[in-house]
Amino acid sequence: MAAEHQINAGFIPLFDSAVLVAASEIGFAAREGIDLTLSRETSWANIRDRIAIGHFDLAHMLGPMPIACNLGLTPLASDTIVPFSLGLGGNCVTVSNALWAGMAAHGALPDLDPARTGRALGALIRERAHAGRDPLRFAVVHPHSGHNYELRYWLAACGIDPSREIEIVIVPPPFMADALAAGRIDGYCVGEPWNSVSVVAGTGHIATVKATIWKTSPEKVVGVRKAWAEKHPGALSALLRALHHAARWCQDPANRGELAALMAQPSFLDLSPALQMPLLTGHLPLGGGAELAVEDFFLSFDKAANFPWKSHALWFYTQMVRWGQVKHSAAHMALARDTYRPDLYRAALKPLGVALPGANAKVEGALTAATPVGSAGASLVLGPDGFFDGRIFDPDRIDDYLAISDWAMPTG
Amino acid sequence: MTRKSLAVLVIDENHIRASIIEAGLREAGHEQVTVVHDVAGIARRIAEIEPDVIVIDLENPNRDMLENMFQLSRVVKRPIAMFVDRSDQASIEAAVEAGVSAYVVDGLRQERVKPILDMAISRFNAFSRMARELEEARSELENRKVIDRAKGILMRSRSLSEDAAYALLRKTAMSQNRKIREIAQSLVTAAGLLDPGES
């Protein structure tokens, strides 16, 4: 029997493409009448360009990328919307053994505490500057990525100016571990399993993780070509339902083994199932024998992980402004806010009677404990969320947030 | 104003494909062609070469790095775009299909770049056709090898002539609606299991 909808989607070999992969391979898409064809791509630029020219209807994308497209910050821009988020968390900051030894000499402990490791890194950076040595070089995956923004946020909150005191370069995820081992970079921020790869190789040490810099923070999304979404609302709704079921399947601990084996296949990650386990269990080997369990390290479904919060889009926008990628204006802010489409998510999932948040945006950092929130049909728990430096992000007070002059964290 | 000859930089990790593209560019009259296989230290090379156009393989994961470098670097003055300054949809699609992308580095007029991209596309296509034919030839050779081994097993174990052994393989394949190669492979595998010395 022919499927009702044909959908072409691109993905990058990273674990957080798992929901798309499961939708295609475990049969959730087929059950919704969708023939979902996945194409593995090697660069985010390819993903963006192939969406722009219509080869892909949608794709696994960096959360800030569709916003950058709509703001015209990319060479081949197209109108792209975000009706679904692929997960929360999942990134780490990994440093070379030599850098870790230097940080440890300044008080860093293998506890992933962003404030402590950041202070140690700052002390080491000043010591190096004093000795006239070259600045440290860190890598992220793309200028318009959560990785770039969370690395910069962490450093800046610890009193390090990421634009002057270190160098930030772009390296594709599969090359990170090699670049670190070869000494071309001193550290990097990337999604799993590309941090565990360095730890297993004995060439790197995980210094801190996204889930401690900003709890339950947004990462990859499904970016959809707006023209396609408007022409095929039925197909998009069916896909969002398939992704919802796939995400729930991915989160279920009973399916970890099957999911790890699936993602390990050559056509997806081409890395052993054992390497997927730190991400799936939140139990992270940090390097040098240290291990730590991290709460909510990566969420593919729980805590409204798939809801495209407008506050997430707006936070990404503030970071684009903060780091000089775009000028702040009411029009730009509206473009960023309208990129994320919780209305489409709600419309697609409402018939299923699943838990839906009562609002489209939230004050990030307001929930200090896990909190049940009002929603129709079923229970939904959010948080704890929040930034490690204690700042609050209120999406209704963007101007105030952008006006903060001392982004540095209080010492202590 | 514009230089007579454009400086073209080709970035391709595949040496054979890069040299095919380079040859094509030279045939088309472009004398200033530089080929780079490894993006390590690319910023310095770009500063030395001052290319007008950079042609890069779409499959190169370092595209993101290159694009970011264009945005940041003072050396590279005006990285406009890829796929030739947002040229028409058809040529963009052709470029993507062929696996080629182009960056126009410094405000070049589109009509000067299009022939370069067209040439790169046709060379990329020619290369992938060549690679496909090579793969087909290789797999044909593999097929022949496994069929020869299966024939050998049949000739020894059932005292058949070579022709008769092949006829038996073909008859079995036809009756089971499978390929001769598959039947031969099963036979070779089975023989290997029965007698480790055989395979």
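The expected span of a helix is taken as 1.5 Å times one less than its number of residues. Helix α12 of chain A offers a good place to apply this: α12(A) has 19 residues and stretches 27 Å from its first C-alpha to its last, close to the 27 Å expected at 1.5 Å a residue. The structure discussed here is a predicted model, and α12(A) serves as the starting point for a walk through it. Of the 19 residues of α12(A), 14 are buried, so this helix is largely enclosed by the rest of the structure.

Two helix partners of α12(A) can be described in turn. Two packed helices are described by the angle between their axes and the distance between the axes. For helix α1 (residues 18-25) of chain A and helix α12 (residues 233-251) of chain A, the axes come within 8 Å and cross at roughly 110 degrees. Angles of 65 to 115 degrees count as roughly perpendicular, and α1(A) and α12(A) are therefore roughly perpendicular to each other. On the α1(A) side, the contact is formed by A:A18, A:V19, A:L20, A:A22 and A:A23, which meet A:A242, A:L243, A:A246, A:A247, A:W249 and A:C250 in α12(A). By class, the residues of this contact comprise 11 nonpolar, no polar and no charged.

The second partner is helix α17 (residues 342-349) of chain A, whose axis comes within 9 Å of that of α12(A), with a crossing of roughly 80 degrees. Here too, α12(A) is roughly perpendicular to its partner, α17(A). A:L236, A:S237, A:L240, A:R241 and A:H244 of α12(A) make the contact with A:L344, A:Y345, A:A348 and A:L349 of α17(A). The contact of α12(A) with α17(A) has 6 nonpolar, 2 polar and 1 charged residues.

Attention now turns to the sheets of chain A. An open sheet of 5 strands follows the order β2-β1-β3-β12-β4, and its pairing is mixed. At the edges stand β2 (34-40) and β4 (80-85) of chain A, each with a single partner strand, so one side of each is left without a neighbour in the sheet. On average, and with direction ignored, neighbouring strands of this sheet are turned by 30 degrees against each other. Within the sheet, strand β3 (residues 58-62) of chain A runs antiparallel to strand β12 (residues 220-225) of chain A, and 5 bridges join the two. A:M61 stands opposite A:V221 in β12(A). Strand β12(A) is also joined to β4(A), by 4 bridges and again in the antiparallel sense. There, A:T80 has A:R225 of β12(A) as its bridge partner. Although β4(A) is an edge strand, it is mostly covered, with 6 of its 6 residues buried.

Another open sheet in chain A has 5 strands in the order β8-β7-β9-β6-β10, with mixed pairing. Its edge strands, β8 (166-170) and β10 (204-209) of chain A, each pair on one side only. Neighbouring strands of this sheet are turned by 25 degrees against each other on average, direction ignored. Strand β6 (residues 91-96) of chain A runs antiparallel to β10(A), to which 5 bridges join it, and A:C92 has A:V209 in β10(A) as its bridge partner. Helix α6 (residues 114-130) of chain A lies across β7 (136-140), β8 and β10 of chain A, running at about 135 degrees to β7(A). Helix α7 (residues 146-157) of chain A also packs on the sheet, where it touches β6, β7, β8, β9 (187-191) and β10 of chain A, and its direction makes about 130 degrees with that of β9(A).

A single residue of chain A gives a closer view. A:Q276 is found in helix α14 (residues 273-281) of chain A and is buried, with a relative accessible area of 1%. Leaving aside residues up to four places away in sequence, A:Q276 touches A:F15, A:P193, A:A260, A:A264, A:L269 and A:L271. The C-alpha atoms of A:Q276 and A:G257 are separated by 9.5 Å, the two residues being 19 residues apart along the chain.

Chain B is represented here by strand β3 (residues 53-57), which is mostly covered, with 5 of its 5 residues buried. In a regular strand the side chains alternate between the two faces of the sheet. In β3(B), B:V53, B:V55 and B:D57 point one way and B:I54 and B:I56 the other way, and all are buried. Strand β1 (residues 8-11) of chain B pairs with β3(B) in the parallel sense over 4 bridges, while strand β5 (residues 100-104) of chain B runs antiparallel to β3(B) and is joined to it by 5 bridges. B:V53 takes part in both pairings, as the bridge partner of B:V8 and of B:V104 in β5(B).

Conventions. Residues numbered from 1 in each chain as written. Chains lettered and ligands numbered in written order. Predicted model: local features only at pLDDT ≥ 70, side-chain atom pairs only at ≥ 80, totals over all residues. Heavy atoms only, no water. Axes fitted to C-alpha atoms, helices over the stretch in contact; angles between N-to-C directions. Parallel < 35°, antiparallel > 145°, perpendicular 65-115°, else oblique. Contact = heavy atoms within 4.5 Å. Nonpolar A, V, L, I, M, F, W, Y, C, P; charged D, E, K, R; others polar. Buried < 20%, exposed > 50% of the residue type's maximum accessible area, 1.4 Å probe, protein only. Pairing = 2+ DSSP bridges.
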